[in-house]
Amino acid sequence: RPFVRLRSVPDPAKVRPEKVLASSLEALLDEATQPAGGWEKVREQFWSIRQDLLVQHLHRGKLASEVSLEGARLSAKEGDVAELHRSLAALVASGPCARRV
């Protein structure tokens, strides 16, 4: 699903459940099922998954950590420093470091 920045309260019917988000992550990580369009499209899908996790208050869970970790890994591989920073910030905010701050 393409990333669309929310400008109002999200419609629950349009938010993918956690199971679907986990499947979406698996598809993004498999080169055979990645969206056409290269890194930009893959990055957009990561944004979309993160947004759906946030809307459902799942942004501090295990799946959110996996999304951030894989996003960081792929953005480092692609040389996308801004996305790497976003992914690492989300990891720090949801991990053991967040409990100490």
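## A first tour of the helices

Arg-73 has a relative accessibility of 45%, so this residue counts as partly exposed, falling between the 20% limit for buried and the 50% limit for exposed. We will come back to its salt-bridge partner shortly. Before that, please keep in mind that this is a predicted model.

How confident is the prediction? The protein chain has an average pLDDT of 87, and 86% of its residues reach at least 70. Confidence peaks in helix H1, residues 18–29, with a mean of 96. At the other end of the scale is helix H5, residues 96–100, where the mean drops to 58.

**The nonpolar core**

Twelve is the number to remember here: the largest nonpolar core has 12 residues in all. Among them are Leu-21, Leu-25 and Leu-28, along with Trp-39, Val-42 and Phe-46. Ile-49, Leu-53, Leu-63, Ala-64, Val-67 and Leu-74 also belong to this core. Three helices, H1, H2 (39–55) and H3 (62–78), each give at least two residues to it. Which helix supplies the largest share of this core? That is H2, with 5 residues.

Leu-74 offers a good view of how such residues meet. Setting aside neighbours within four places in sequence, Leu-74 is in contact with Trp-39, Val-42 and Phe-46, and also with Leu-29.

**Salt bridges**

The whole structure holds 6 salt bridges. The table shows some of them, with the distance from N to O.

| Residue pair | N to O distance |
|---|---|
| Glu-83 and Arg-50 | 2.9 Å |
| Glu-70 and Arg-73 | 2.7 Å |
| Arg-86 and Glu-83 | 2.5 Å |

The pair of Glu-83 and Arg-50 forms a salt bridge that links distant parts of the chain. Glu-83 sits in helix H4 (residues 81–94) and Arg-50 in helix H2, with their positions 33 residues apart in the numbering. Are these two residues buried or exposed? Both Glu-83 and Arg-50 are buried. For Glu-83 the relative accessible area is 1%, so it falls well within the buried class, which is under 20%.

Glu-83 has a second partner, Arg-86, in another salt bridge. Because Arg-86 and Glu-83 are 3 residues apart in helix H4, about one helical turn separates them. Arg-86 has a relative accessibility of 41% and therefore counts as partly exposed. Taken together, Arg-50, Glu-83 and Arg-86 are linked in a network of salt bridges.

Now back to Arg-73, whose side chain meets that of Glu-70 in a salt bridge. Both residues lie in helix H3, 3 residues apart, about one turn of the helix.

**Two residues worth finding**

Where does Ser-68 lie? Look in helix H3. Ser-68 has a relative accessible area of 3%, so it counts as buried. Not counting residues up to four places away in sequence, Ser-68 touches Ser-87, Ala-90 and Leu-91, as well as Arg-50. That last name should be familiar from the salt-bridge network.

His-57 is found in the loop between H2 and H3. With 66% relative accessibility, His-57 is classed as exposed because the value is over 50%. Its backbone also deserves a look: His-57 has a positive phi of about 60 degrees, although it is not a glycine. Most residues other than glycine have a negative phi.

How values were computed
Residues are numbered from 1 along each chain as its sequence is written. This is a predicted model: local features need pLDDT of at least 70, side-chain atom pairs count only at pLDDT 80 or more; totals for chains, interfaces and linings use all residues. Side-chain values use heavy atoms; hydrogens and water are left out. pLDDT is the predictor's confidence in each residue, from 0 to 100. Helices (H or I, at least four residues) and strands (E, at least two) are DSSP runs, numbered from the N terminus. A nonpolar core is a set of buried Ala, Val, Leu, Ile, Met, Phe, Trp, Tyr and Cys residues joined through side-chain atoms within 4.5 Å. Buried means under 20% relative accessible area, exposed over 50%, partly exposed in between (1.4 Å probe, protein chains only). Contact means heavy atoms within 4.5 Å. A salt bridge is a side-chain nitrogen of Lys or Arg within 4 Å of a carboxyl oxygen of Asp or Glu.
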